[in-house]
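Here are a few friendly notes to read alongside the model. They deal with the ligand and with the pockets.

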Amino acid sequence: MTKKITLISGASRGIGRAVSLRLAHEGHFVIVLARNAEEIGELEHEIDESGGKALSFVCDISDEQQVNDVVAEVIRDFQRIDCVVNNAGIGIFKPAEEITADDWERVMDVNVKGTFLLTRAVLPHMKAAGSGHILGIASDVSKRTFATGSLYTASKYAQHAFFESLRREVRSLGIKVSVVYPGLVDTYFHQAEQGEPQQAKFLHADDIASAVSYILNTPPHVLIDELMIHPMSQEW
Ligand code: NJP
């Protein structure tokens, strides 16, 4: 298998779907993960129909067993994992005193624990290979906060810290860690459907796919640590 084996979490829609389609088009064998069986299966089918290679898994990224099982199966079938795009994420936006313990756990479980679980599962295989590229889709609010964003921004700051620290651990082992920090993107994230008029001035999911492609296509001696990307319409 000469194709790069690339895992993408949260691939059923939005940014993850666009990244998966782009990387499959560029010749990666994409392993696409999400909870929605129908949507993730359709994506696999769409990629295969268009001449690409994809394998889908129904996987809740916050579930340790499910994540470990997926990675074990991929390693069994392909013997390696070249790239991982940690993209799955959710947001809950409320004044701090209205955030429930359940809200807190849901957001932290997906955004922080999920990122940790998937990254931890692939690390031994990348270390053994002496190469690999771990990518995170964090947020511009990994570096700034806003009212009603205490929970979500805490989770995105945590992702930022996790990847910054990890980069220092694995860089000398030949493993790259890169993070994309997007501003507003037209997806299903903002309680709207992708393409709705109120999101017309946002970035497109394809813009993030282009950024991911650029980062993953750098030559071996180049590491893009981070990439911040905003729509022109958004002050930062
Ligand atoms: O959101 P959306 P985006 N286990 O809602 C999956 C960040 N970001 O594409 O499981 C596994 O269209 C879900 O699939 P499913 C954001 O924080 C965005 O915008 O089937 N997967 C779906 O495929 C996030 O980290 C903006 O429901 C789970 C995907 O995640 C990333 O971009 C701005 C899951 C979400 O698709 C992608 O979000 C920014 C779980 N437990 C950062 N829970 C923005 N859109 O403006 C959810 O700064 N998913």
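1. A word on terms first: on a 1 Å grid over the protein atoms alone, a pocket is an open set of points where a 1.4 Å probe fits, with protein on both sides within 12 Å along at least five of seven lines, and lining residues have an atom within 4 Å of a point. This is a predicted model, in which local features need pLDDT of at least 70 and side-chain atom pairs count only at pLDDT 80 or more, while totals for chains, interfaces and linings use all residues. Residues are numbered from 1 along each chain as its sequence is written, and side-chain values use heavy atoms, with hydrogens and water left out.

2. Let us start with the ligand, which has 31 residues around it (a heavy atom within 4 Å). Ser139, Tyr152, Pro182, Thr187 and His190 come closest. By class, this shell holds 16 nonpolar, 10 polar and five charged residues; here Ala, Val, Leu, Ile, Met, Phe, Trp, Tyr, Cys and Pro count as nonpolar, Asp, Glu, Lys and Arg as charged, and the others, Gly among them, as polar. Two helices, α1 (14-25) and α5 (150-170), each supply at least two residues of the shell; helices are DSSP runs of H or I with at least four residues, strands are runs of E with at least two, and both are numbered from the N terminus.

3. Do look at the polar contacts (pairs of N or O atoms within 3.5 Å). The side chain of Thr187 places a polar atom 2.6 Å from a ligand oxygen, and an N or O atom in the His190 side chain is also 2.6 Å from an oxygen atom of the ligand. For Lys156, the distance from a polar side-chain atom to a ligand oxygen is 2.9 Å. Taken alone, the ligand exposes 900 Å², of which the protein buries 97% (Shrake-Rupley method, 1.4 Å probe).

4. Where does the ligand sit? The space it takes is the largest pocket (more than half of its atoms lie within 2 Å of the grid points). That pocket holds about 1000 Å³ (the space filled by probe spheres set on the points). Its lining has 44 residues, with Asn87, Ala88, Gly89, Ile90 and Phe189 nearest the centre. α1, β2 (29-34), α4 (101-129) and α5 each give at least two residues to this lining.

5. Please check the second largest pocket too, with its volume of about 260 Å³. Among its 14 lining residues, Lys4, Ser131, Gly132, His133 and Lys176 lie nearest the centre. β5 (132-137) and α6 (205-216) each contribute at least two residues.

Notes
Polar contact = N/O pair within 3.5 Å; in protein donor to acceptor, adjacent residues only side chain to side chain.
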